[in-house]
Amino acid sequence: MRRHLIIGGGAALLYLLFLLWYGPIPDPLTEAEVEAFIAMRNAQEITPEEASRTEDLRQFLLEDDGRGFFMVNLVTLRDVPLQLDGFDPDASAGDLMAQYFQGYMARQFLSRAGWLVVQGPSYAGPVELWNAEERQWAFFAVVRYRSRRDLMEIVADPRFSEAHPYKFAAVEATSAFPAAPGLVIGPRLVVLLIILVMALLADKVWPKRMA
């Protein structure tokens with residue numbers, strides 16, 4: 001009995017801690033918070049294209065439900081990246097993107113339970129195209145954000161403006177749009193199964209004299 005209580009209680013506590021990190025209680029942004037985040041974002045050095053999407057971003061934030069979402073990214077890298085002071089002039093666009101992600105974004109994602117859902121290269125151009133601009137995207141990536149608040153905390157951070165030039169120097173064109181999670185087997189189920197397996201193994205190897 002003691003063995004089962006310790007193992008079961010430990011497994012439950014471990015999973016509870018994971019849930020608190022992975023998906024907190026929904027806390028939608030207020031209108032005042034939205035305007036404050038928009039102001040901080042616009043105060044940074046953003047491109048004219050980014051500035052033109054401000055109203056779309058504002059509407060997305062005002063409709064916040066406090067829950068997680070996916071950001072779908074379509075990207076084409078420059079054949080020859082722009083040169084950045086202090087960075088290897090022979091660096092490729094991929095090197096610059098790696099610096100952008102590893103130097104800032106990776107830590108931000110990890111601390112906020114973000115993760116790369118799927119990523120892959122493009123095999124060919126569009127095989128179907130209706131009322132849309134034709135473009136050859138190099139690759140796509142789907143990233144999970146824990147909340148819209150997390151997204152804005154990342155992009156409004158002054159450190160983001162320091163990392164963003166690496167992305168701008170590497171990327172020729174990009175399109176990104178938020179999407180609802182829909183039906184997906186996510187980490188909640190995977191982590192639960194892992195913890196259950198660990199608990200079963202712990203029960204098997206637990207010294208009998210300590211039962």
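Me: Is Phe 87 buried, exposed or partly exposed?
Reply: Phe 87 comes out as partly exposed, because its relative accessible area is 21% and buried would need under 20%. Keep in mind that this is a predicted model.

Me: Which ring does Phe 87 pair with, and how are the two planes set?
Reply: That would be Tyr 166. The ring centres are 5.4 Å apart with the planes at 65°, so the pair is edge-to-face, since planes over 60 degrees apart fall in that class.

Me: And where in the chain do Phe 87 and Tyr 166 sit?
Reply: They link distant parts of the chain, 79 residues apart. Phe 87 is in the loop between strand E1 (69-77) and helix H5 (93-111), while Tyr 166 belongs to helix H7 (residues 158-170).

Me: Thanks! How many aromatic pairs are there?
Reply: The count is 11 aromatic pairs.

Me: What about Phe 101 and Phe 109, how do their rings meet?
Reply: Their centres lie 6.1 Å apart and their planes are at 35°, so that pair is tilted. Phe 101 is partly exposed at 40% relative accessibility, whereas Phe 109 is buried at 9%.

Me: Which residues make up the aromatic cluster with those two?
Reply: Phe 60, Phe 69 and Tyr 145 join Phe 101 and Phe 109 in one aromatic cluster.

Me: Switching to charges: which ring faces have an arginine over them?
Reply: Arg 144 lies over the face of Tyr 22, at 3.7 Å from the ring centre. Arg 135 does likewise with Trp 137, at 5.6 Å from the ring centre.

Me: Tyr 22 is in H1, right? Which residues of H1 are buried?
Reply: Yes, H1 covers residues 2-22. Its buried residues are Arg 3, Ile 7, Ala 11, Tyr 15, Phe 18 and Tyr 22. They lie on the same side of H1, because they cover an arc of only 75° around the axis.

Me: What covers them, and what is on the face turned away?
Reply: The cover includes strand E2 (115-121), strand E3 (139-145) and helix H8 (187-205). The face turned away from the buried side carries the exposed residues Arg 2, Leu 5 and Leu 20.

Me: How far does H1 reach from end to end?
Reply: From its first C-alpha to its last, H1 reaches 30 Å, close to the 30 Å expected for its 21 residues.

Me: Last one: where is Thr 76, and what is it in contact with?
Reply: Thr 76 is in strand E1 and is buried, at 10% relative accessibility. Apart from neighbours within four places in sequence, Thr 76 is in contact with Gln 136, Trp 137, Ala 138, Val 171, Glu 172 and Ala 173.

Terms used: Residues are numbered from 1 along each chain as its sequence is written. This is a predicted model: local features need pLDDT of at least 70, side-chain atom pairs count only at pLDDT 80 or more; totals for chains, interfaces and linings use all residues. Side-chain values use heavy atoms; hydrogens and water are left out. Helices (H or I, at least four residues) and strands (E, at least two) are DSSP runs, numbered from the N terminus. The expected span of a helix is 1.5 Å times one less than its number of residues. Buried means under 20% relative accessible area, exposed over 50%, partly exposed in between (1.4 Å probe, protein chains only). The arc is that of the directions from the helix axis to the C-beta atoms. Contact means heavy atoms within 4.5 Å. Rings of Phe, Tyr and Trp (its six-membered ring) pair if their centres lie within 6.5 Å; planes under 30 degrees apart count as stacked, over 60 as edge-to-face and the rest as tilted. A charge sits over a ring if NZ of Lys or CZ of Arg is within 6 Å of the ring centre and within 35 degrees of the ring normal.
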